[in-house]
Amino acid sequence: MTTHRRFALGLGVIVVPLVLALLGPLLTAEPGPRATSFTLGGDHWLGTDFVGRDVWQQVLLGGRTVVVTALAATALAYLVAVPVALMSALTRVRWLEELLMRPLDVLLAVPSLLLILLVASVLSPGAVGLALLVALVNVPDAARIVRAAAGEAAARPAVEALRMQGESWWRIAVGYVGRSTLRTLAADAGIRLTGVLYLVSTAAFLGVGVAPDAADWAVMVDRNRTGLFVQPWAVVVPALLIVALTMGTNLLFDAALEKKPTDKRGRRP
């Protein structure tokens, strides 16, 4: 499959869940009276859920929390991980590098979902708290990957030449080392966003950060699974939207990062 076709496929897969997640709340009307639980047909073309609410309306309302929380958590993780990794890669002071990276190794030893559940059992976080927790558990992984890529770039003679020219730390770190790690960072971001989406969905599935009857795609899968063989749309539709969102994200990043072929002289056709 060519890059353009892969990009088009990824865009086609991701556009439906994104549109429903971001614009869905604007397309919903006032909720009508509740019907019988787990029914099909009638005025509810996707049927009703476990408490008799219209499934289609819940789908329109349930995606924004998942998408916004996942995007916010990913951005927050890199907002912390990238500066820490660049400082660790460029510092010549051994104890400072240890001070920056060793606490992250300790945090990395704790399973992500277990840490979220432990904190949630004490603090009962909302959507903002869930985003912060998911960002926290992703910082160590992201920092180690960026640190590895930045360490290779920081060891190049060009960095020493920039130091000898009196260039500022910011110009060296961001202008050269940071730019050298962009491809690795982008590849990691595509995988990490997928992992964050699954982690946010799993946490919501377990009732962390959302109410038990909230309009949320992950909560819909959890709360309606008892009626899967009676009214499958209440489970299948939100589950497929989450899967499409993660698959489309990976396809888009794969297409964006694929190198174009070159001829024997290194020129691109």
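1. The lining of the second largest cavity, in this predicted model, comprises by class five nonpolar residues, two polar residues and one charged residue. The residues concerned are Thr65, Val66, Thr69, Leu130, Val200, Ala204, Val210 and Asp216, and two elements, α2 (55-90) and α8 (182-205), each give two or more residues to that lining. Of the contributing elements, α2 gives the most, with three residues. The volume enclosed by this lining is about 30 Å³, a value that should be read alongside the cut-off used for counting, since the structure is reported as holding two cavities of 30 Å³ or more.

2. The largest cavity has a volume of about 40 Å³, and its lining is made up of Asp49, Phe50, Arg53, Gln58, Ala214, Val219, Met220, Arg223 and Asn224. Sorted by class, that lining holds four nonpolar, two polar and three charged residues, with Asp49, Arg53 and Arg223 as the charged members. Helix α9, which covers residues 217-224, gives the most to the lining, with four residues.

3. On the question of which element leads in each lining, the two cavities can be set side by side: for the largest cavity it is helix α9, with four residues, and for the second largest cavity it is α2, with three residues. In class terms, the lining of the largest cavity has three charged residues, whereas the lining of the second largest cavity has one, namely Asp216.

4. As to the fold that surrounds these cavities, the protein has 10 helices and zero strands, so that, with helices and strands taken as DSSP runs, the elements from the N terminus on read α-α-α-α-α-α-α-α-α-α. Taken along the principal axes, the C-alpha atoms fill a box of roughly 75 × 55 × 30 Å.

5. Turning to contacts, among those in the protein with a separation of 6 or more, 71% are accounted for by residues 24 or more positions apart. An instance of residues distant in sequence coming together in one lining is given by the largest cavity, where Asp49 and Phe50 are listed together with Arg223 and Asn224.

6. Finally, on burial and surface, buried residues make up 42% of the 269 residues in the protein. The area that the protein exposes is about 14700 Å², of which carbon and sulfur atoms supply 67%.

Conventions:
Residues are numbered from 1 along each chain as its sequence is written. This is a predicted model: local features need pLDDT of at least 70, side-chain atom pairs count only at pLDDT 80 or more; totals for chains, interfaces and linings use all residues. Side-chain values use heavy atoms; hydrogens and water are left out. On a 1 Å grid over the protein atoms alone, a cavity is a set of points where a 1.4 Å probe fits but cannot get out, and a pocket is an open set with protein on both sides within 12 Å along at least five of seven lines; lining residues have an atom within 4 Å of a point. Grid points are joined across faces, edges and corners, and a volume is the space filled by probe spheres set on the points. Buried means under 20% relative accessible area, exposed over 50%, partly exposed in between (1.4 Å probe, protein chains only). Contact means heavy atoms within 4.5 Å. Accessible areas come from the Shrake-Rupley method with a 1.4 Å probe; for residues, only the protein chains shown count as cover.
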